[in-house]
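Please open the model in your viewer and keep the sequence panel beside it, so that each selection can be followed in both. The tour goes from one strand to its neighbours, then to a loop, and ends at the pockets.

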Amino acid sequence: MSVLRKSQEYSSFRSTISRKKITVDSVTEEIWSVYDAGPRSIRCPLIFLPPVSAYSDVFYQQMLFLASIGYRVIAVDYPAVWTHQEWCESFNKLLDTLQLDRIHLFGASLGGFLALKFAEYSCIKQRVQSVMVCNGFIDTAVFRKQTSSNGFWALPSFLLKRWVLSHLPSNPTEGCIADSVDFVVEQLESMQRKELAARLTLNCTPSYIEPQKLSNMSVTILDVFDDSALTVSAKEDVYKCFPEAKRAHLKQGGNFPYMSYSAEVNVYIQIHLKPYEDGRFTAKLSAKDADSAAAAATAGAASSAASAEAYH
C-alpha cells in the first residue's frame, strides 16, 4: 500500500466524505461517482475532474482543506462514454441532477481538456464560470501521434494499463512526487477495463479546443517546470490558446502536483476563486453566512441540551 493511501489525511477523507453513485441515464447506464463536501447552500461549487490514470480521490487533499474553510467542492468519476459529445451531455445531466446552474471547474490532464470541452458545449447557457487547467492540453493530437483511439475498446486490460504506465516516470527522484506516482499506480491497477478504455478513447479521439467560444471565460493554467507527461510544445499551445489566462507555475510537482505539492496548489485555487467571493458565483460560504450557520448550530445544540435537561 502506498504512503499516501496509508496516511491519516487520506483515512480522514474516506471516513468523512462519502462516495455516492448517481445514475443520470438508466437506459445507457451512465453512472457517476461523486464526492461532495462543504456547505450545500453553495450553488456554484468547484468541481474536480481527474486524469486518465486515476480516480477522483486523487484530489482528497484539496477536498479536505477547501471544505474546511467554507468551500463547496465536488470530485467526480466519469461513466464509460466514448465521445466528447456524450461526455458533455452526461455531465450536463449530472449538473441538472445536482441542481447546479453554474460551476467552477478544475481539470487535470484529460480532466482539463474535458473541462474546456464542456465550457464550449455549454457556452450559450454559460454553465461554467471559470476553469483551472492543471497539466492540460488543448488538442488530442499530442497523444494521437503515439497511438490511435480506434482500438482501445478491444484491448485487454493489461495492455491499456501498460500504455498509461509508459507515460509515467519510472524513477522519480523527489520523494513526494514518487509517493504521488505510487498512489496513482495503485488506482490504475484497480481500474476496470471498460472505464480505462473509455478514458483513453476520450484522451486520443481527434478533437481540439475552440478558444473563440471561450473568450469571456476566466482561465488559470497550472503547470510544472519539471518532468511530466506533456511536452513543452503542448504546454505552449495552451498558453497560445489562452493568452489572457492567469498562469500558476510550480518548480516541481510532476504529473500529479495536487498530491505531491498540495499546499501550493490549494493556494493557487484560492487565488483563482477569490474574485468571486461574496458574489453570486462564489464557491465559498461568506463570513456572514458562516457566522449565521455557526450561531444556528450553537442555538440548536443549546435547545437540544435544554430539552434533554427538561426530560431528566
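A residue is called buried here when its relative accessible area is under 20%, and exposed when that value is over 50%. Keep in mind throughout that this is a predicted model.

**First stop: strand E4**

Begin by selecting residues 73-77, which form strand E4; five of the five residues are buried, so the strand is largely enclosed by the rest of the structure. If you show the side chains, you will find Val73, Ala75 and Asp77 pointing one way from E4, while Ile74 and Val76 point the other way, and all of them are buried.

**Second stop: the partners of E4**

Add residues 30-37, strand E2, which pairs with E4 in the antiparallel sense over five bridges. To see one of these contacts, pick Ala37, whose bridge partner in E4 is Val73.

Next add residues 46-49, strand E3, which runs parallel to E4 and is joined to it by three bridges. Here Ile47 is a good residue to pick, with Ile74 as its bridge partner in E4. From E3, follow the chain through helix H2, residues 60-68, until it arrives at E4, and you will have traced a β-α-β crossover that is right-handed.

**Third stop: Asn150**

Now move to Asn150, which sits in the loop between helix H5 (141-144) and helix H6 (157-165). Is Asn150 buried or exposed? Its relative accessibility is 61%, and Asn150 therefore counts as exposed. Select Thr201 as well: although Asn150 and Thr201 are 51 residues apart along the chain, their C-alpha atoms are separated by 7.4 Å.

**Fourth stop: the pockets**

Turn to the largest pocket, which has a volume of about 430 Å³. It is lined by 18 residues, of which Glu29, Ile31, Tyr78, Pro79 and Ala80 are the closest to its centre. The elements that give two or more residues to this lining are strand E1 (19-25), E2 and helix H8 (193-204), and E2, already met as a partner of E4, gives the most, with three residues. Colouring the lining of the largest pocket by class will show seven nonpolar, three polar and eight charged residues.

Finish with the second largest pocket, whose volume is about 220 Å³. To find it, select Arg43, Cys44, Arg102, Arg280 and Phe281, the closest to its centre of the 13 residues that line it. The lining of the second largest pocket divides into three nonpolar, four polar and six charged residues.

Notes: Residues numbered from 1 in each chain as written. Predicted model: local features only at pLDDT ≥ 70, side-chain atom pairs only at ≥ 80, totals over all residues. Heavy atoms only, no water. Buried < 20%, exposed > 50% of the residue type's maximum accessible area, 1.4 Å probe, protein only. Helix = DSSP H or I, 4+ residues; strand = E, 2+ residues; numbered from the N terminus. Pairing = 2+ DSSP bridges. Right-handed = clockwise from strand over helix to strand, strands pointing away. 1 Å grid on protein atoms, 1.4 Å probe; cavity = no way out; pocket = protein on both sides within 12 Å on 5 of 7 lines; lining within 4 Å. Points joined across faces, edges and corners; volume = space filled by probe spheres on them. Nonpolar A, V, L, I, M, F, W, Y, C, P; charged D, E, K, R; others polar.
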